[in-house]
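The following paragraphs lead through a set of helix contacts and then turn to the nonpolar cores. Please keep the sequence and the model in view while reading.

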Amino acid sequence: MIKQFTNSFWERLARLILRNRIAMLIAIVIVTVLFSTQWKNIRFTFTEANLLPDHHEVNQTYNAFLDIFGEEGNMIVLGVKDSTFFTVEKLNAWNKLAESFKSSEEIEAVISIKDLQKLIKNDSLKKFTLEPFIKDSLSSSKQLDTLQKELFTKYPFYDNFLFNRDTKTIRTIISMDKSIVNTSARKDFVMDVLIPRIKTFEKETNIDVRISGMPYVRTLSSQNIVDEMGLFVGAALLVTSLIFFFFFRSFRATFISLIVVSVGVMWTMGILGFFEYEITVLTAIIPPLIIVIGIPNCIFLINKYQQEVKSHGNKIKSLQRVITKVGNATLMTNFTTASGFATFILTESTLLKEFGIVASLSIVSIFILCLLIIPVLYSFLPYPKERHLEHLNRRWINSFVGWMERMVRHRRITIYITSIILLIVSIIGIYQIKISGSLLEDMPQKTAFFRDIEFFEQEFDGIMPLELMIDTQRKKGVMKLSTLKKIDQLEEAIIDIPELSRPLSVVSLVKYSKQAYYNGNPKYYQLPTSQESSFILSYAKNSSNDTEMLNSFVDSTGRYARITTFMKDIGTDKMQDIEDKLQTKIDKVFPEDRYKVTMTGKALVFQKGTTYLVKNLAISLSLAIILISLFMAYMFRSFKMIIISLLPNLLPLLVTAGLMGYLGVPLKPSTILVFSIAFGISVDDTIHFLAKYRQELQASNWKIKRSVYGALRETGVSMFYTSTVLFFGFSVFMISSFGGTVALGGLVSVTLLFAMLSNLLLLPSLLLSLERNIANKTVLREPTINIIPKDSDDDEDENNINN
């Protein structure tokens, strides 16, 4: 019943499409216009990707920290390392540049050399006062020499914060307003104010200024994503259309295919706008992805149309058979591809959910467009010319198919041995795969801002904030000397870790206060003793300026303290080691019944997110395999056929994973996507081959060898065409400046190439070797759905359509 309903459905659909050609085109135009009205809702991301679900413990800890201390990734850092910098003119120009940013409404505070303050003891008022190092501007070399001597020898509080006294590197800290740091106002400030002023300064002083900090890095990284999305779409259209034209040698067919995928891209952008999703590093690759996936659909439909025309010369009958025969098969293959993407919806990561929703809906959309546009447009066009059909008898492709047939016929043992060797070698490589949680690894490494990141890592030991929050569980518990000593011990552990920078906390301020109490003598930069603490802290309490500085490190109730350090760009393994070392020290120093110490910060959140995604990789891929297995079971109703169909598609995934191990490509958010995407696409070839194989079995009265070779000759050309398009189409992503996108494109391309060979060599070999077990009417029963219907007499339908 289901099979009869399916066949009649496609026949009715063919009549509906071809009878209402104008209406179909008008409907497509209307839907496209409606989608275009949603483009205004498309937003570009202004935050880094959060790979963890909102309810995850790490996210909850981070949000709790933000509630107490506010946004921690709001600093832009300017740096200079130049032997000619320490002149009166250039230092004054540097201070003037920093001063110019203070008037911008997007800026909360600016701290430069001119803003540095000496903490001075005022005995008459029993408090500390602040005195600037530079009162107005430098006027003589003597003042400059005095300034350098004081900064680099007497005030360790500022060392590794605004300068590196060993390399004489100077930096300025610009704190953005926390309320706008994750909005479009951040981009406007960075692109329209910050960068132009710095370029002017560089031109006037001939000094190279380094820029970094999370707001700046995220702005330029997001801009690169936007720029590359247009580049990918253009490159994908160019590459796939050239390959398409090379195969078909028809401007008409190429132009129709470009119309289909271009409308598909418009619909994809409309889907993004409808859901009001942001353009992220993942959603940005969907439009070119739809082009790459859409062109193979066009190949199958146009190739079938030309085969039918060549066979009997009847255009209307050819178009009807394109829909009734290839339409069902294309639906099934697009369904499996969409299923591979849809598995990401089941993860708890918002980033992956959005990617899965948009990608799967877009794949369904491109199928609908192919099925409607191609038959309708060809119905208005004249018959294909003889030269347009020459590719059907091209010798070189027939030679390739002939080679595969000879390999399957005479070299099956060689195919099995090669497959086993590849399997063993791949498993060895898999054990060498490492997990990477690097926030910077996938960023454009050839850009100036990435080189600036490396500069600050070298000079100031990193830019990615790592925060430790101490909850004393009582009001004003932070300023107790016992608590300060515990914080100091934890800071010593941080200093001993080379991947972390010198920490900043309330302890640094208290040490600075003691130094000030002893008239600025740097040897007293240490915590006060119990005898000293009462009168030193009393001075601090009387100092309003000191209180303002304290607010950066302690909350308003005095219950919570923060330790801020900056981390180098390291992988997940090293991060786990650092976390373990710090946790061991925390457990030793802070009693659990009196203190609660948590680690957080953007660096840690990203590291944990990578680990979370890797753990979900097996779940996502397993879901894709189960889903597609159920589909194959429903389609072929044979458990043995499910196993045989999975083997040629799992082997390429293992080979790719092995290559990642040997080539040192780590598992990370970008490369994790490869396996589900590639599996969902590669299984399409299996469906086409097995569907044709079953049809050949019925036509040849269950003669196995004839059926296998017939299916190989029939599907080999289309598989080669589509796999070539997919290989070069995904290779387009390798022009990206983002390492993750390059890895994604290269790995999917390699996987699909192996999948084609596996489906054309290993799959038919298995069918021949196991023919007695699977190729009989009992095991391979009548399918629930006929993917490729039998040929039938369509004259009556043709007359109806013509009428």
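In which helix does F255 lie? F255 belongs to helix α8, which covers residues 251–275, where helices are DSSP runs of H or I with at least four residues, numbered from the N terminus. The model is a predicted one, in which local features need pLDDT of at least 70 and side-chain atom pairs count only at pLDDT 80 or more, while totals for chains, interfaces and linings use all residues. Residues are numbered from 1 along each chain as its sequence is written, and side-chain values use heavy atoms, with hydrogens and water left out.

F255 is exposed, with a relative accessible area of 55%; exposed means over 50%, buried under 20% and partly exposed in between, for a 1.4 Å probe and protein chains only. F255 is 11 residues from F244 in sequence, and their C-alpha atoms are 9.9 Å apart in space.

F244 is also among the residues of α7 that meet α9, and the axes of these two helices, α7 (residues 214–248) and α9 (residues 286–312), come within 9 Å and cross at roughly 20°. Axes here are lines fitted to C-alpha atoms over the stretch in contact, with angles running from 0 to 180 degrees between N-to-C directions. The crossing angle makes α7 roughly parallel to α9, a term for angles under 35 degrees. On the α7 side the contact (heavy atoms within 4.5 Å) includes M229, F232 and F248, and on the α9 side P287, I291 and Q306. The residues of this contact divide into 15 nonpolar, 3 polar and no charged, where Ala, Val, Leu, Ile, Met, Phe, Trp, Tyr, Cys and Pro count as nonpolar, Asp, Glu, Lys and Arg as charged, and the others, Gly among them, as polar.

Helix α8 meets α9 as well, the axes coming within 9 Å and crossing at roughly 140°. That makes α8 oblique to α9, oblique being the class for angles that are not under 35, over 145 or 65 to 115 degrees. Among the residues in this contact are V261, G264 and V265 of α8 and I290, G294 and I295 of α9; the contact divides into 12 nonpolar, 4 polar and no charged residues.

Turning to the cores, the largest nonpolar core has 146 residues, and those with the most contacts inside it are F355, I374, I677, F689 and F730. Such a core is a set of buried Ala, Val, Leu, Ile, Met, Phe, Trp, Tyr and Cys residues joined through side-chain atoms within 4.5 Å. Helix α11 (residues 350–380) supplies its largest share, 16 residues. A second, separate core of 98 residues includes M443, L468, V478 and V554.
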